[in-house]
Amino acid sequence: MNLQVHCVNHHCDFTGDRQLPIIGVDEPIYQRLPAFLIATVDKFAALPWTGQTGTLFGRVERFDKNGFYGPCDPQRGQALGGHLPPPDLIIQDELHLISGPLGTIAGIYETAIDDLATRQIGEKAVRPKVVASTATVRRADSQIHALFERSQVAIFPPPGPDRRDSFFAHTEPASEMPARLYVGVAAQGRSLKVILLRAALALFSGAQTAYEREGGKRNKQNPADPYMTLLGYFNSLRELGGSRRIVEDEVRSRLEQYGRRRRREPVDTLFSNRSISYEVLELTSRVPTNEVAAAKRRLALPFCEDERVDVALATNMISVGLDIIRLGLMVVLGQPKTSAEYIQTTSRVGRDPARPGLIVTLLNVHKPRDRSHYERFETYHASFYRAVEPTSVTPFSPRALDRALVAALVALCRQGDARMTPALGAGEILSLRSAMESFAQRFADRAANHDNRLSPADAQRLRDNVLARCRRLLDDWQNIADQFRQTNTKLQYQRWEAGGAQRLLYDILDPELAGLPAVRRRFRANRSMRDVEPSVDLSVKNLNDWPTKP
Amino acid sequence: MSNDQLRSSQVVTTFGPGAMVDLPDASVIVAGLDHWKYNLNQIPMVEEPRLVEKLRRIVAVPTLTLRAPPPASDDYTSIQPNIVGWRFPEWFIVQRTDTTARGFRRRRLVNLNSLDGGKFRDDDRKKYPVVPVRFVRACRKAHVGDID
């Protein structure tokens with residue numbers, strides 16, 4: 001299985017049978033070992049499941065013209081006479097996202113990855129250099145320490161004598177280049193839904209007036225274009241669902257006559273009638289990924305196109321990674337839970353320096369938190385980077401260990417020792433149990449060092465705890481393998497990896513887990529960093545189908 | 001029938017039986033457990049010994065156990081566990097506005113029975129999208145119903 005990318009331009013160097021040097025499928029990647037590899041942290045989860053992943057850390061033995069082979073493909077290629085060096089530069093983009101639950105789980109896997117990527121030069125163990133880019137964080141050094149166990153953090157660009165001019169970056173004053181205008185709206189005795197309705201009506205209708213004044217559809221460079229598409233941000237799917245019904249129904253029907261609202265004296269024409277599309281775009285986890293991709297494409301279209309979007313409703317799915325230059329108008333329903341989230345989300349609009357963004361934050365004065373934000377709206381917004389919450393990464397907390405220690409330990413044992421790497425290597429634990437001790441030690445050391453605010457006594461306690469857990473897991477693994485050996489059954493890592501063997505690892509949500517003995521139930525691993533809980537299928541029925549309708 | 005999904009914990013807290021849920025394409029009210037489809041042996045048990053003990057005492061059922069909502073299954077050979085949402089409200093407003101001679105706008109109110117594949121086929125034989133009505137009735141004893 002492979003994916004080849006060719007250029008359709010006949011004059012290009014990469015046309016015909018000369019493919020672009022890009023690999024996009026897992027198996028060829030493990031074989032070709034590209035010099036530059038792009039992945040998401042979710043791929044860490046493949047380490048215990050797939051034996052070939054170790055080749056990425058240079059754990060290869062043989063080669064031929066098609067690439068390199070590790071211990072999983074024993075027959076192929078000729079001997080290399082040694083290993084390849086492991087990766088020596090790791091670039092972590094968007095480090096601020098590797099925090100909270102995701103960062104905690106990723107942090108445990110990082111222990112295994114760091115160890116696999118460490119090379120021994122003489123007496124010295126040399127670890128890869130980690131370069132991370134980050135936005136809106138606080139106390140990044142402790143996050144980095146917990147995640148990568150690096151105590152030294154150098155910031156680039158270094159803060160200069162003037163915070164507006166660091167030589168590498170220069171801040172334009174808002175008077176010359178406005179970026180975003182924040183407006184807070186709150187009303188006594190009104191529900192937030194009503195405020196949303198009123199605000200949406202005024203924004204839709206006001207934008208229409210401006211759009212028409214600037215030449216409407218005929219003007220392809222219409223300066224009001226960014227404000228014709230309203231992006232709604234909601235803190236929960238429940239609020240989004242309710243608001244979607246309001247937009248589909250009430251906003252739409254009222255907008256068609258909204259132009260009647262005008263002042264008699266002095267006469268103004270702030271509002272125009274507007275007919276918005278029935279269809280409301282949704283960017284949330286509950287619509288399929290391909291629809292989200294289609295929605296993003298449509299959002300980028302200027303308003304004169306037929307497939308234009310009047311309104312898109314979103315949850316925090318958009319707070320990262322949505323980079324559509326033309327968007328200029330956002331309505332935030334209720335103050336988001338964290339300031340980092342608020343900054344990230346509202347930064348999705350007004351990304352074009354020539355077309356500043358307008359953000360309308362609707363606050364519920366009857367909620368103390370929203371009220372406080374409303375009362376200090378100006379001060380807060382003038383310096384909201386100060387309010388960014390410190391991120392928390394706690395890879396060695398007990399619940400995090402429950403969830404991911406098995407996977408990370410199995411990953412390190414499997415990839416760290418070539419005899420354990422093949423599918424049936426899971427059974428080798430019987431003879432290699434003592435060799436695995438150093439890996440258990442590795443996790444224990446990391447646990448003791450991951451947080452330099454721990455007292456020596458606490459660090460020692462954590463080290464002992466993690467060491468005991470790892471040893472118990474390895475012993476359990478050995479016992480499982482031993483039990484199977486007595487019935488002459490082989491042990492493999494995952495189902496169908498090698499024929500005729502029992503498996504060691506189960507998916508976290510595998511229904512078969514419930515029927516297993518406790519010792520085997522421990523060996524469950526994630527397939528990604530974020531499988532948290534099962535979903536429940538909901539079947540929509542009509543009450544008429546109820547046999548005994550009341 | 002449809003591929004709507006809810007998170008397991010949402011079914012316990014926000015969207016339990018009797019709650020109204022706004023799905024992307026429908027508004028439903030979650031049905032009671034007697035309408036759910038599941039195999040009791042495949043449902044994960046929730047281990048909360050102290051809560052179970054207390055509940056057993058309160059409801060006087062000594063064999064009471066706690067179960068998670070039935071998780072969705074990828075295995076097409078066995079039953080597909082699911083929970084049920086009744087479409088509610090059953091009245092819809094057609095997304096097509098007429099203007100009368102006197103300048104009033106009106107939209108038709110139609111019942112679920114007159115829908116055709118989730119849309120309303122009007123007298124001009126075109127299909128129009130519908131949205132659920134915004135009002136339902138409720139009584140002091142927390143019953144909810146359509147405004148018929």
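**View 1. What is the relative accessible area of A:Lys43?** It comes to 41%, so A:Lys43 is partly exposed (buried is under 20%, exposed over 50%, partly exposed in between; 1.4 Å probe, protein chains only). Keep in mind that this is a predicted model, where local features need pLDDT of at least 70 and side-chain atom pairs count only at pLDDT 80 or more, while totals for chains, interfaces and linings use all residues. Residues are numbered from 1 along each chain as written, chains are lettered from A and ligands numbered from 1 in written order, and side-chain values use heavy atoms, without hydrogens or water. The side chain of A:Lys43 meets that of A:Asp26 in a salt bridge, N to O at 2.8 Å (the rule: a side-chain nitrogen of Lys or Arg within 4 Å of a carboxyl oxygen of Asp or Glu). A:Lys43 sits in the loop between helix H1 (26–32) and helix H2 (46–49) of chain A and A:Asp26 in helix H1, so the pair ties together parts that are 17 residues apart in sequence. A:Asp26 is partly exposed too, at 25% relative accessibility.

**View 2. A:Asp225 and A:Arg355, a link between two loops of chain A.** The closest N and O atoms of this salt bridge are 3.9 Å apart. A:Asp225 belongs to the loop between H5 and E9, and A:Arg355 to the loop between helix H8 (339–346) and strand E13 (357–363), so parts 130 residues apart in sequence are tied together here. How accessible are the two ends? A:Asp225 is buried, with a relative accessible area of 6%, whereas A:Arg355 counts as partly exposed at 25%.

**View 3. B:Asp22 and A:Arg245, a salt bridge between chains.** Zoom in on B:Asp22 and A:Arg245, whose closest N and O atoms lie 3.1 Å apart. The pair crosses from strand E2 (residues 20–22) of chain B to helix H6 (residues 237–255) of chain A. The chain B partner, B:Asp22, is partly exposed at 21% relative accessibility; on the chain A side, A:Arg245 is buried, with a relative accessible area of 11%. Turning to chain A alone, salt bridges that share partners join A:Asp114, A:Asp115, A:Arg127, A:Glu149, A:Arg150, A:Arg442 and A:Arg446 into one network. Over all chains, the rule gives 52 salt bridges.

**View 4. The contact between chain B and chain A, seen around A:Ser253.** A:Ser253 is another residue of helix H6 of chain A, and at 12% relative accessibility it counts as buried. Leaving out residues up to four places away in sequence, A:Ser253 touches B:Arg105 and B:Arg107 (contact means heavy atoms within 4.5 Å). B:Arg107 also has a salt bridge with A:Asp249, at 2.7 Å from N to O. Pull back to the whole interface and you get 43 residues from chain B and 31 from chain A, with 4 salt bridges between the two chains. About 3,800 Å² is buried between them, and carbon and sulfur atoms give 52% of that (accessible area lost on putting the two parts together, 1.4 Å probe, summed over both).

**View 5. The largest cavity and its lining.** Of the 4 cavities of 30 Å³ or more, the largest has a volume of about 50 Å³. (A cavity is a set of points on a 1 Å grid over the protein atoms alone where a 1.4 Å probe fits but cannot get out; lining residues have an atom within 4 Å of a point. Points join across faces, edges and corners, and the volume is the space filled by probe spheres set on them.) Its lining includes A:Leu196, A:Ala200, A:Phe204, A:Phe234 and A:Val331. Helix H5 (192–213), strand E9 (230–234) and strand E11 (311–314) of chain A each bring at least two residues to that lining. By class, the lining has 9 nonpolar residues, 1 polar and no charged ones (Ala, Val, Leu, Ile, Met, Phe, Trp, Tyr, Cys and Pro are nonpolar; Asp, Glu, Lys and Arg charged; the others, Gly among them, polar).

**View 6. A:Arg399, with chain A as the backdrop.** A:Arg399 is found in helix H11 (residues 398–416) and counts as exposed at 60% relative accessibility. From A:Arg399 to A:Phe14 is 50 Å, C-alpha to C-alpha, with their places 385 residues apart in sequence. Chain A has 15 helices and 18 strands (DSSP runs numbered from the N terminus: H or I of at least four residues, E of at least two). Its C-alpha trace spans about 95 × 75 × 65 Å along the principal axes. Of its 550 residues, 45% count as buried.

Definitions and conventions:
1 Å grid on protein atoms, 1.4 Å probe; cavity = no way out; pocket = protein on both sides within 12 Å on 5 of 7 lines; lining within 4 Å.
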